[in-house]
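Please open the model in your viewer and keep the sequence panel visible. The tour below proceeds selection by selection.

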Amino acid sequence: MEALYPRTGHAEHTMNSDRVQAAVRELLSALGEDPDRSDLRETPARAAAAWGELLGGRDENPLVHMAALPVIESFAGHVISLRDITFRSVCEHHLLPFHGSVHLMYRSSGPVAGLSSFVRAIETLSSRLQLQERLTEQIADVLTEGIAPEGAIVVVVARHGCVSDRGVRQADARTVTIASRGTYSGDQETSAAALLLAPPTL
Ligand SMILES: [Zn+2]
C-alpha cells in the first residue's frame, strides 16, 4: 500500500510561497503577459495562496480524522452508507482541478465513524496533487485502517478540468472509479457499486 501521507521531510519538498510566487510571475512572462500590468501585479501572491489551500492536506495524516465513535452498542454486521460527499482536488498530470462526489458503504465489524470523520479524511486526501484512481484507493485504505470493517466499497465520480476544458473538451463526461475491500471485493463489487450509484430516493 502506498503511504497515505508520503512526505519525506526534506526542505525542498516543502511548499515555499516565495518560490511559487516567483514561478507564477515567470509563468505569466512565459505566456507572453506582462506580470507588472496592474491587474496582474497581485496574481502571483493570490495564486500562491490558492496553491497553499489546494495542496494543504499533503502534510496531514488522514487517519487522525478517523476516530471511531465510542461503542455504546456493537454495530457489527450493520451496513452503513454515506453518499454525495463533495470534494475538489488537483490532477497531477495537468495541474488542473477535478471535482466530484464520494459515495461509500461498509459492513461494520463493530466500530463506526461519524460523517464528519469521513469528510475530513477525504478533504485531507484530496488536498494534494492526486489521481482519481489513487484517491479512491486511499479513501478505502483510510476507511479500512480507521474502523476495520468486514467490507467496504468506495465509488468516486468526478469531472476533470483536463477533460472538460482542454483536449476533447467534454464538459459533462464523468470518470467513475471504484475501490473495494473485504466482503465487498470480488463478485460483490459490481452490485455494491450499482447500489451506491442508484439515484437517491429521499
Ligand atoms: Zn488531468
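Two strands are taken to pair if DSSP finds at least two bridges between them. Helices (H or I, at least four residues) and strands (E, at least two) are DSSP runs, numbered from the N terminus. This is a predicted model, in which local features need pLDDT of at least 70 and side-chain atom pairs count only at pLDDT 80 or more, while totals for chains, interfaces and linings use all residues. Residues are numbered from 1 along each chain as its sequence is written.

**The whole chain**

Begin with the entire protein chain, whose C-alpha atoms fill a box of roughly 60 × 40 × 30 Å along the principal axes. The chain holds 6 helices and 5 strands, and from the N terminus on these elements follow the order α-α-β-β-α-β-α-β-α-β-α. Next, colour residues 11-54 as domain 1 and residues 62-197 as domain 2; such bounds come from an automatic or database domain assignment. The C-alpha centres of domain 1 and domain 2 are 32 Å apart.

**Helices 1 and 2**

Select helix 1 (residues 17-30) and helix 2 (residues 43-54), which pack at an angle of about 125° with their axes 8 Å apart. Axes are lines fitted to C-alpha atoms, for helices over the stretch in contact, and angles run from 0 to 180 degrees between N-to-C directions. Helix 1 and helix 2 are therefore oblique to each other; angles under 35 degrees count as roughly parallel, over 145 as roughly antiparallel, 65 to 115 as roughly perpendicular and the rest as oblique.

Which residues of helix 1 meet helix 2? Show Ser17, Val20, Gln21, Val24, Arg25 and Leu28 in helix 1, which meet helix 2 residues including Pro44, Ala48 and Trp51. Contact here requires C-beta atoms, placed from the backbone, within 7 Å. The residues of this contact comprise 8 nonpolar, 4 polar and 1 charged, where Ala, Val, Leu, Ile, Met, Phe, Trp, Tyr, Cys and Pro count as nonpolar, Asp, Glu, Lys and Arg as charged, and the others, Gly among them, as polar.

**The sheet**

Now display the strands: 5 of them form an open sheet in the order 3-1-2-4-5, with mixed pairing. Strand 3 (129-130) and strand 5 (175-182) stand at the edges with a single partner strand each, so one side of each has no neighbour in the sheet.

Select strand 1 (residues 79-91) and strand 2 (residues 96-107), which run antiparallel and are joined by 11 bridges. Along this pair, Leu82 stands opposite Leu104 in strand 2, and Arg88 stands opposite His99 in strand 2. The two strands form a hairpin with 4 residues between them, and Leu95 in the turn has a positive phi of about 55°.

Move to the other pairing of strand 2: it runs antiparallel to strand 4, and 10 bridges join the two. Here Tyr106 stands opposite Ala152 in strand 4.

**Helices 3 and 4**

Finally, select helix 4, which lies across strand 1, strand 2, strand 3, strand 4 (151-160) and strand 5, running at about 150° to strand 4. Add helix 3 (residues 115-126); helix 3 and helix 4 (residues 132-147) pack at an angle of about 140°, with axes 10 Å apart. That makes helix 3 oblique to helix 4. In their contact, Ala121, Ile122, Leu125 and Ser126 of helix 3 meet Leu135, Gln138, Ile139 and Val142 of helix 4. These residues divide into 6 nonpolar, 2 polar and no charged.
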